[in-house]
Amino acid sequence: MIKLIQIKQVLRNKRFLLFTMFIPVTWYFLLYNLQHDLPPIMLLGIAVFIGIIGNSLATFSKRISSNSEFYIFQSRISNYTIKRYFLDQGIVQFVLNFLIFAVVLLVAILFFHLKVSYQLLEQFGLLMVMGLYFSAIGFVMGMRLDSKIIDTVSFPIIIIAAMTIVPFSQIGAGNFIELISKAQMIFPGYYYNNLMQNVIKGSTVNTTDVLLFIGTIILNILPLYFLIPQSKNNRLNSVKK
């Protein structure tokens with residue numbers, strides 16, 4: 001019931017509708033008309049990623065920041081721990097990310113004649129994993145940063161996060177593009193693109209890419225875990241005043 005109420009509250013949030021519905025659809029439209037070399041399913045992935053990143057690092061982190069003091073206090077006087085709060089919010093985020101995927105997919109099918117195939121199911125699975133990855137980052141941001149600070153830093157962080165995903169090596173060439181591509185290798189978005197390339201071509205998925213995809217998610221998330229309050233007696237050492 002609590003999760004359903006939270007989902008309804010988010011769907012009434014204009015910030016969510018802007019960052020996670022309108023902007024991804026707009027990006028799909030732009031990419032469709034500008035990047036004719038990229039497969040339509042890859043364009044779909046980029047557009048959905050933009051929605052997921054906006055949802056996780058802007059809307060979600062702001063919501064967590066606004067409610068964090070209440071849930072920290074509740075964790076000290078009840079059995080509802082911060083870990084439980086984190087897991088519940090993960091479920092809510094999964095549902096919201098699913099809605100983002102569904103909206104962009106529906107627009108792509110109805111207006112851009114995207115063909116429905118089994119590849120979309122595989123892409124959906126990878127995108128949902130990435131959605132949970134960015135949601136974990138957004139949760140830590142919300143627990144550690146004041147809402148006003150999130151308003152200031154969320155857009156630059158979204159841009160940086162997007163740059164870890166966009167397949168620059170498939171769009172252009174040159175030393176700068178090569179440098180960015182190498183930097184992307186420490187983030188799971190790089191291996192997502194490799195896996196999707198195999199899916200699109202119908203070739204066997206590279207086991208190394210799967211392991212690196214999972215490994216980079218774990219290595220990126222593990223340090224953040226220690227920034228989450230772990231017990232009722234822990235005090236939140238943050239920049240909040």
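**Exercise 1.** Are H5 and H10 roughly parallel or roughly antiparallel to each other?

*Solution.* The model is predicted. Start with the two elements. H5 covers residues 118-144, and H10 covers residues 207-225. Next, take the geometry. Their axes lie 10 Å apart, and the packing angle is about 15°. Now apply the cut-off: angles under 35 degrees count as roughly parallel. H5 and H10 are therefore roughly parallel to each other. Last, add the hand: this crossing is left-handed.

**Exercise 2.** Find which residues of H5 and H10 make the contact, and sort them by class.

*Solution.* Take H5 to begin with. Its side of the contact consists of Leu126, Val129, Met130, Tyr133, Ala136, Ile137 and Val140. Then turn to H10. It brings Phe213, Ile217, Asn220, Ile221 and Leu224. Now sort them. Eleven are nonpolar, one is polar and none is charged.

**Exercise 3.** Determine how H3 and H6 are oriented to each other.

*Solution.* Locate the helices. H3 spans residues 40-77 and H6 spans residues 147-163. Their axes come within 9 Å and cross at roughly 160°. The cut-off here is that angles over 145 degrees count as roughly antiparallel. So H3 and H6 are roughly antiparallel to each other. Their crossing is right-handed.

Now list the contact. From H3 come Ile53, Gly54, Leu57, Ala58, Ser61, Lys62, Ser65 and Ser66. They meet Ser147, Ile150, Asp151, Ser154, Ile157, Ile158, Ala161 and Ala162 in H6. By class, this contact holds eight nonpolar, six polar and two charged residues.

**Exercise 4.** Work out the orientation of H3 and H9, then describe their contact.

*Solution.* H9 runs over residues 188-201. The axes of H3 and H9 come within 11 Å, crossing at roughly 150°. Use the cut-off for roughly antiparallel again, over 145 degrees. H3 and H9 are therefore roughly antiparallel to each other. The crossing is right-handed.

On the H3 side, the contact residues are Ile41, Met42, Gly45 and Phe49. On the H9 side, they are Tyr192, Asn193, Met196, Gln197 and Ile200. The classes are six nonpolar, three polar and no charged residues.

**Exercise 5.** Compare the expected span of H4 with the distance between its end C-alpha atoms.

*Solution.* H4 holds 31 residues, from 82-112. The rise to use is 1.5 Å a residue. The expected span is 1.5 Å times one less than the number of residues. That gives 45 Å. The end C-alpha atoms are 43 Å apart, which agrees. Now step just past H4. There His113 takes a positive phi of about 60°.

**Exercise 6.** Describe the protein as a whole: which elements does it have, and what box does it fill?

*Solution.* Count the elements. The protein has ten helices and zero strands. Along the sequence, the pattern reads α-α-α-α-α-α-α-α-α-α. Then check the radius of gyration, which is 18 Å. The globule rule gives 18 Å for 241 residues, so the protein is as compact as a globular protein of that length. Finally, take the box along the principal axes. The C-alpha atoms fill roughly 55 × 35 × 30 Å.

Notes:
Residues numbered from 1 in each chain as written. Predicted model: local features only at pLDDT ≥ 70, side-chain atom pairs only at ≥ 80, totals over all residues. Heavy atoms only, no water. Axes fitted to C-alpha atoms, helices over the stretch in contact; angles between N-to-C directions. Helix = DSSP H or I, 4+ residues; strand = E, 2+ residues; numbered from the N terminus. Parallel < 35°, antiparallel > 145°, perpendicular 65-115°, else oblique. Left-handed = near helix turned anticlockwise from the far one by under 90°. Contact = heavy atoms within 4.5 Å. Nonpolar A, V, L, I, M, F, W, Y, C, P; charged D, E, K, R; others polar. Rg over C-alpha atoms; globule rule 2.2 N^0.38 Å.
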